[in-house]
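Here is a friendly note to read alongside the model. Please keep the structure open while you go through the points.

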Amino acid sequence: MGRVQGKVALITGGASGIGLSTARLMAREGAKVVIADYNVNGANEAAAAIRDSGGEAVGLFLDASKEASIKEAVEFTVKQYGMITVLFNNVGLTDLQKDLDVVNIDLVEWDRLMNVNAKSVLLGSRFAIPHMVKAGGGSIVNTASMAGFAGDSVRSAYGASKAAVVNLTKYTAAQYGKDNIRCNAVAPGLILTPAAKTSMPQAVLDIFEKYNALPYHGEADDIGYTVLFLASDESKFITGQTIQVEGGHYMANPSISDFNQYLAQFQQ
Ligand SMILES: NC(=O)c1ccc[n+]([C@@H]2O[C@H](COP(=O)([O-])OP(=O)(O)OC[C@H]3O[C@@H](n4cnc5c(N)ncnc54)[C@H](O)[C@@H]3O)[C@@H](O)[C@H]2O)c1
């Protein structure tokens with residue numbers, strides 16, 4: 001208990017999946033939490049459940065595609081709890097119908113994803129940092145993705161926007177470290193959040209699991225615990241890093257699964 005006691009956290013996209021898990025864990029460990037989400041009913045429900053179990057949280061509407069809305073979320077947090085010392089820039093999305101290969105990608109979709117996935121991270125940090133300086137420091141955690149490290153057949157905009165998040169994390173850490181502000185990112189592999197479960201057919205989930213080093217999928221809490229660590233003072237000498245939480249999916253020789261199948265014929 002108390003790993004983030006006394007901290008005040010703004011969590012974007014906190015009504016579902018990774019953001020929701022993180023909000024619960026942060027509140028359980030003593031932080032005051034603002035759960036900001038486009039789905040304001042979900043955000044309010046999540047905050048009420050946290051309060052019911054003895055934590056401190058409020059829900060808030062946020063449209064992370066709008067600069068003014070991000071600014072309002074930061075100002076709300078400071079007004080509500082007197083400061084902001086943790087910012088989890090977590091909103092991110094893609095549309096598999098439109099976010100295609102580089103020849104066929106919808107350019108409106110490219111701009112939309114760059115705006116929501118990358119620019120919202122810049123803006124959240126831009127508005128929070130002056131308040132963190134006043135508070136004597138803080139921890140910013142950004143949600144990147146393994147899609148920001150490896151090429152794929154589709155999701156060109158998603159991958160490029162998440163690669164931008166990885167590098168923006170380093171720039172932010174380099175620029176504000178002397179103000180005692182750390183900035184790190186978490187790069188999830190496939191995580192079985194409600195969004196992933198509903199948008200991915202079982203066959204696709206099976207392909208992912210086949211190439212994991214571990215024999216199971218990731219869950220929202222696997223990311224939530226990593227963010228909790230990065231938000232807490234336990235990680236006080238870590239900055240500018242992107243922690244990959246992906247079950248060893250991208251760590252090994254990518255052909256290992258096929259290679260094992262090939263070797264099996266000699267072992268009979
Ligand atoms: N689930 C995965 O497999 C996976 C893998 C890699 C990276 N990620 C990243 O993790 C983050 C969270 O994903 P998740 O799987 O928990 O998704 P999710 O869909 O479960 O939750 C995302 C939340 O963000 C909110 N949201 C969406 N657009 C918004 C906007 N413009 N303004 C405010 N709120 C908005 C949604 O209402 C939702 O509550 C995203 O950045 C995503 O790219 C997820």
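The numbered points below go from the basics to the cores, the helices, the surface, the salt bridges and the backbone.

1. A word on the basis. This is a predicted model, in which local features need pLDDT of at least 70 and side-chain atom pairs count only at pLDDT 80 or more, while totals for chains, interfaces and linings use all residues. Residues are numbered from 1 along each chain as its sequence is written, and side-chain values use heavy atoms, with hydrogens and water left out.

2. The largest core. A good place to begin is the largest nonpolar core, which has 29 residues. Such a core is a set of buried Ala, Val, Leu, Ile, Met, Phe, Trp, Tyr and Cys residues joined through side-chain atoms within 4.5 Å. Buried means under 20% relative accessible area, exposed over 50%, and partly exposed in between, with a 1.4 Å probe and protein chains only. Met26, Val33, Ile35 and Ile223 have the most contacts inside this core.

3. Who builds it. Two or more residues each come from β1 (8-12), α1 (17-28), β2 (32-37), α2 (40-52), β4 (86-89) and α8 (220-231). The largest share, 6 residues, is given by α1. Helices (H or I, at least four residues) and strands (E, at least two) are DSSP runs, numbered from the N terminus.

4. Ile223 and the other core. Leaving aside residues up to four places away in sequence, Ile223 touches Ile18, Val186, Pro188, Ile191 and Val245; contact here means heavy atoms within 4.5 Å. Apart from the largest core lies another of 26 residues, with Leu62, Val78, Leu87 and Ile181 among them.

5. Helix α5. How far apart are the end C-alpha atoms of α5? They are 30 Å apart, which agrees with the 30 Å that the 21 residues of this helix (residues 156-176) should span at 1.5 Å a residue. The expected span is 1.5 Å times one less than the number of residues. Buried residues in α5 include Ser156, Tyr158, Lys162, Val166 and Ala173. What covers the buried residues of this helix includes α4, β5 (138-143), β6 (181-188) and β7 (242-245).

6. His131. Is His131 in helix α4 buried or exposed? His131 counts as buried because its relative accessibility is 16%. Setting aside residues up to four places away in sequence, His131 touches Val74, Glu75, Val78 and Ile84.

7. Gly92. This residue sits in the loop between β4 and α4 (107-135) and is partly exposed, at a relative accessible area of 37%. Beyond residues up to four places away in sequence, Gly92 touches Asn117 and Lys162. The C-alpha atoms of Gly92 and Ser120 are separated by 9.0 Å, with their positions 28 residues apart along the chain.

8. A surface patch. Phe259, Tyr262 and Phe266 make a nonpolar surface patch of about 360 Å². Patches are made of residues with over 30% relative accessible area and no salt bridge; like charges are joined within 9 Å and nonpolar side chains (Val, Leu, Ile, Met, Phe, Trp, Tyr) within 5 Å. Phe266 lies in the segment after α9 (256-264) and counts as exposed because its relative accessibility is 56%.

9. Salt bridges. A salt bridge is a side-chain nitrogen of Lys or Arg within 4 Å of a carboxyl oxygen of Asp or Glu, and the count comes to 7. One of them joins the side chains of Arg3 and Glu234 (2.8 Å, N to O). This pair links distant parts of the chain, with Arg3 in the segment before β1 and Glu234 in the loop between α8 and β7, 231 residues apart.

10. Two more pairs. Arg112 forms a salt bridge with Glu109, with the closest N and O atoms 3.0 Å apart; both lie in helix α4, 3 residues apart, about one turn of the helix. Arg112 is partly exposed at 36% relative accessibility, whereas Glu109 is buried at 3%. Asp258 forms a salt bridge with Lys210, the closest N and O atoms being 3.9 Å apart.

11. Backbone points to check. Most residues other than glycine have a negative phi. Arg155, in the loop between β5 and α5, has a positive phi of about 65° although it is not a glycine. Asn180, in the loop between α5 and β6, also has a positive phi of about 65° and is not a glycine.

Terms used:
Accessible areas come from the Shrake-Rupley method with a 1.4 Å probe; for residues, only the protein chains shown count as cover.
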